[in-house]
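Work through the exercises below with the sequence and the coordinates at hand. Each task is followed by a stepwise solution.

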Amino acid sequence: MASILKVNTIQDATNSTTAMTIDSSGRVSRSVIPRWKARTGPSTSAGYFGGTDTSTIGAREVSDPLGNYDASTRKYTVPITGSYFIFAQALHYSSTTGSIQLRINGSAVSSTFGYTYSEGSTIGNTTIKLSGYADLTVNDAIDIQCTGTNAWYSNGDDSYTFWGGYFIG
């Protein structure tokens with residue numbers, strides 16, 4: 001026998017916190033989804049970070065409603081075991097090869113490479129992007145690392161170099 005459950009709101013039994021709302025058109029919204037975005041760069045002007053070493057993206061938090069991002073370590077600590085969509089972008093400056101890597105607990109699990117070249121007196125720039133999903137466990141610490149032999153560039157907003165993600169389920 002088939003059953004129909006008709007509800008507008010789903011709440012937890014203890015605190016009556018709304019977990020899910022369904023509107024009259026059938027659209028489902030969830031109020032508390034782990035998500036974050038961080039960027040690297042000076043607060044008001046263009047600047048460089050990194051160099052001949054490796055650098056992590058995210059000295060400035062843009063969004064983190066649940067408080068799991070630490071701008072001092074540039075790491076996001078996973079609050080719930082599950083699948084997460086993760087995205088990153090970095091602008092590599094000058095003539096050299098560079099990469100950005102997703103790291104889980106300090107180990108690289110995914111990398112994207114790019115090469116920048118100069119033509120005459122013009123310095124070339126390359127935007128390197130990474131996106132995909134990762135199955136993560138509660139308390140995993142994730143970050144994005146930039147590697148290369150030259151500077152990475154970031155401006156006063158988050159249009160050049162940033163990273164973030166959100167819980168899928």
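A salt bridge is a side-chain nitrogen of Lys or Arg within 4 Å of a carboxyl oxygen of Asp or Glu. The model is predicted, so local features need pLDDT of at least 70 and side-chain atom pairs count only at pLDDT 80 or more, while totals for chains, interfaces and linings use all residues. Residues are numbered from 1 along each chain as its sequence is written, and side-chain values use heavy atoms, with hydrogens and water left out.

**Exercise 1. Salt bridges**

Find how many salt bridges the rule gives, and state how exposed or buried the residues in them are.

Solution.

Step 1. The count comes to two salt bridges. Side chains of opposite charge can pair when their charged atoms come close.

Step 2. One of them joins D23 to R27, with 2.9 Å between the closest N and O atoms. For accessibility, buried means under 20% relative accessible area, exposed over 50%, and partly exposed in between (1.4 Å probe, protein chains only). D23 has 30% relative accessibility and is partly exposed; R27, at 56%, is exposed.

Step 3. D143 and R103 form a salt bridge as well, at 2.6 Å from N to O. D143 belongs to strand β14 (residues 141-148) and R103 to strand β11 (residues 96-104), so this pair ties together parts that are 40 residues apart in sequence. Strands (E, at least two residues) and helices (H or I, at least four) are DSSP runs, numbered from the N terminus.

Step 4. D143 is buried at 2% relative accessibility, and R103 is buried at 16%.

**Exercise 2. The three-stranded sheet**

Determine the strand order, the pairing sense and the twist of the sheet that contains β1, β2 and β3.

Solution.

Step 1. Two strands pair if DSSP finds at least two bridges between them. Strands of a sheet pair through backbone hydrogen bonds, either parallel or antiparallel.

Step 2. The three strands make an open sheet, ordered β1-β2-β3, with antiparallel pairing. β1 (9-11) and β3 (28-30) are the edge strands, each pairing on one side only. From one strand to the next the twist averages 15 degrees; axes are lines fitted to C-alpha atoms, for helices over the stretch in contact, and angles run from 0 to 180 degrees between N-to-C directions.

Step 3. β1 and β2 run antiparallel and are joined by three bridges, with I10 opposite M20 in β2. Their hairpin has six residues between the strands, and S16 takes a positive phi near 60 degrees.

Step 4. β2 (residues 18-22) also pairs with β3 over three bridges in the antiparallel sense. T21 has S29 in β3 as its bridge partner. The β2-β3 hairpin has five residues between its strands, and G26 in the turn has a positive phi of about 95 degrees.

**Exercise 3. Strand β4 and the nonpolar core**

Identify the pairing of β4 with β16 and with β7, then locate the largest nonpolar core.

Solution.

Step 1. β4 (residues 35-39) runs antiparallel to β16 (residues 162-167), and five bridges join them. R39 has F162 in β16 as its bridge partner.

Step 2. β4 is also antiparallel to β7, through three bridges. Here K37 is paired with S63 in β7.

Step 3. A nonpolar core is a set of buried Ala, Val, Leu, Ile, Met, Phe, Trp, Tyr and Cys residues joined through side-chain atoms within 4.5 Å. The largest such core has 22 residues, of which W36, I86, I100, L136, I142 and W163 touch the most other members. At least two core residues come from each of β4, β10 (82-93), β11, β13 (125-136), β14 and β16.

**Exercise 4. Two single residues**

Decide whether Q89 is buried or exposed, and do likewise for G67.

Solution.

Step 1. Q89 sits in strand β10 and is buried, with 11% relative accessibility.

Step 2. With contact meaning heavy atoms within 4.5 Å, and residues up to four places away in sequence not counted, Q89 touches residues including I57, I100, T127 and F162. The C-alpha atoms of Q89 and S131 are 8.7 Å apart, across 42 residues of chain.

Step 3. G67 lies in the loop between β7 (60-63) and β8 (69-70). G67 is exposed, at 57% relative accessible area. Between the C-alpha atoms of G67 and P34, 33 residues apart along the chain, the separation is 9.1 Å.
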